[in-house]
Amino acid sequence: MDFLAANDALPAGALVLASTDDVITRATEIRGHDAVVLQFPKWTDGRAYSQAALLRGRLRYTGRIIASGDVLADMAPMLRRCGFDHAQLRADQRLETARRALGHFDSHYQRTLAERRADVPAVAA
């Protein structure tokens, strides 16, 4: 996962989605972009985590997913787990702290959807 400072520019042409946007109904539009920016209006609002999980899991979106808005350094492990590639940190957050946060958790109690799919044997035709 890479981090952007609060004053770094977002990728040109990235589709910016509000936390209230339904990524399933906008799937066709999303697939037409190389990058999607998901907004965290407050750090306590977790809807962008769900949007990222839907993009990676159900829609199998392979483009870049960027977290923006009220993004704190200690959110980094969950952002990565949900499928974010980049996070634009809030202005008062330190990049070094966010990078260090990624090293705190090396395993999880539950597998991701992608990990579960890898365990399912193929069905013979």
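# A walk through the sheet and its ring cluster

H86 is found in strand β5. The model you are looking at is predicted. Let us start at this histidine and work outwards.

Is H86 buried or exposed? H86 counts as buried, because its relative accessibility is 13% and the cut-off for buried is under 20%. Now look at what surrounds H86. Leaving out residues up to four places away in sequence, H86 touches M1, D2, R64, I65, I66 and A67. One of these contacts, I66, is also the bridge partner of H86. That bridge takes us from β5 into β4.

Strand β5 covers residues 86-88. Strands β4 and β5 run parallel and are joined by 2 bridges. The chain has to travel from one strand to the other. Helix α3, residues 76-82, is part of that path. Together, β4, α3 and β5 make a right-handed β-α-β unit.

Move on to the other neighbour of β4. Strand β3, residues 35-40, pairs with β4 in the parallel sense. This pairing has 6 bridges. Find V36 and you can see one of them: the bridge partner of V36 in β4 is I65. I65 is also among the residues that H86 touches.

A helix belongs to this part too. β3, α2 and β4 make a right-handed β-α-β unit. Helix α2 spans residues 47-57, and β4 spans 64-69. Where does α2 lie? α2 lies across β3 and β4. Its direction is at about 155 degrees to β3.

One more step along the sheet brings us to β2. β2 and β3 run parallel, joined by 3 bridges. Here L17 stands opposite L38 in β3.

Now put the strands together. In what order do they stand in the sheet? The order is β1-β5-β4-β3-β2. These 5 strands form an open sheet, and the pairing is parallel. β1 (2-4) and β2 (15-17) are the edge strands, each pairing on one side only. The sheet twists as you cross it, by an average of 25 degrees from one strand to the next.

Compare that with the order along the chain. From the N terminus on, the elements run β-β-α-β-α-β-α-β-α-α. That gives 5 helices and 5 strands. So far we have followed the backbone. Next come some side chains.

The structure holds 2 aromatic pairs. F40 and Y49 form an edge-to-face pair. Their ring centres are 5.1 Å apart, with 70 degrees between the planes. F40 counts as buried because its relative accessibility is 1%. Y49 is buried too, because its relative accessible area of 17% falls under the 20% cut-off.

F40 also pairs with F84. This pair is tilted, because the planes stand at 40 degrees and fall between the limits of 30 and 60 degrees. The two ring centres are 6.0 Å apart. F40 lies in strand β3 and F84 in the loop between α3 and β5, so the pair ties together parts that are 44 residues apart in sequence. Both F40 and F84 are buried. Put the ring pairs together and you have a cluster of F40, Y49 and F84.

Two loop residues come next. G46 sits in the loop between β3 and α2. G46 counts as partly exposed, because its relative accessibility is 31%. The C-alpha atom of G46 is 8.5 Å from that of S19, although the two residues are 27 apart along the chain.

R60 sits in the loop between α2 and β4. Is R60 buried or exposed? R60 is exposed, because its relative accessible area is 53% and the cut-off for exposed is over 50%. Its C-alpha atom lies 9.5 Å from that of R31. Along the chain, R60 and R31 are 29 residues apart.

Finally, step back to the whole chain. Of its 125 residues, 37% count as buried. H86 and F40 are among the buried residues we met. Take the contacts between residues at least 6 apart in sequence: 60% of them join residues at least 24 apart. The accessible surface comes to about 7700 Å². Carbon and sulfur atoms account for 52% of that surface.

Definitions and conventions:
Residues numbered from 1 in each chain as written. Predicted model: local features only at pLDDT ≥ 70, side-chain atom pairs only at ≥ 80, totals over all residues. Heavy atoms only, no water. Helix = DSSP H or I, 4+ residues; strand = E, 2+ residues; numbered from the N terminus. Buried < 20%, exposed > 50% of the residue type's maximum accessible area, 1.4 Å probe, protein only. Contact = heavy atoms within 4.5 Å. Areas by Shrake-Rupley, 256 points an atom, 1.4 Å probe, with all protein chains shown as cover. Pairing = 2+ DSSP bridges. Right-handed = clockwise from strand over helix to strand, strands pointing away. Axes fitted to C-alpha atoms, helices over the stretch in contact; angles between N-to-C directions. Phe/Tyr/Trp six-rings, centres within 6.5 Å; stacked < 30°, edge-to-face > 60°.
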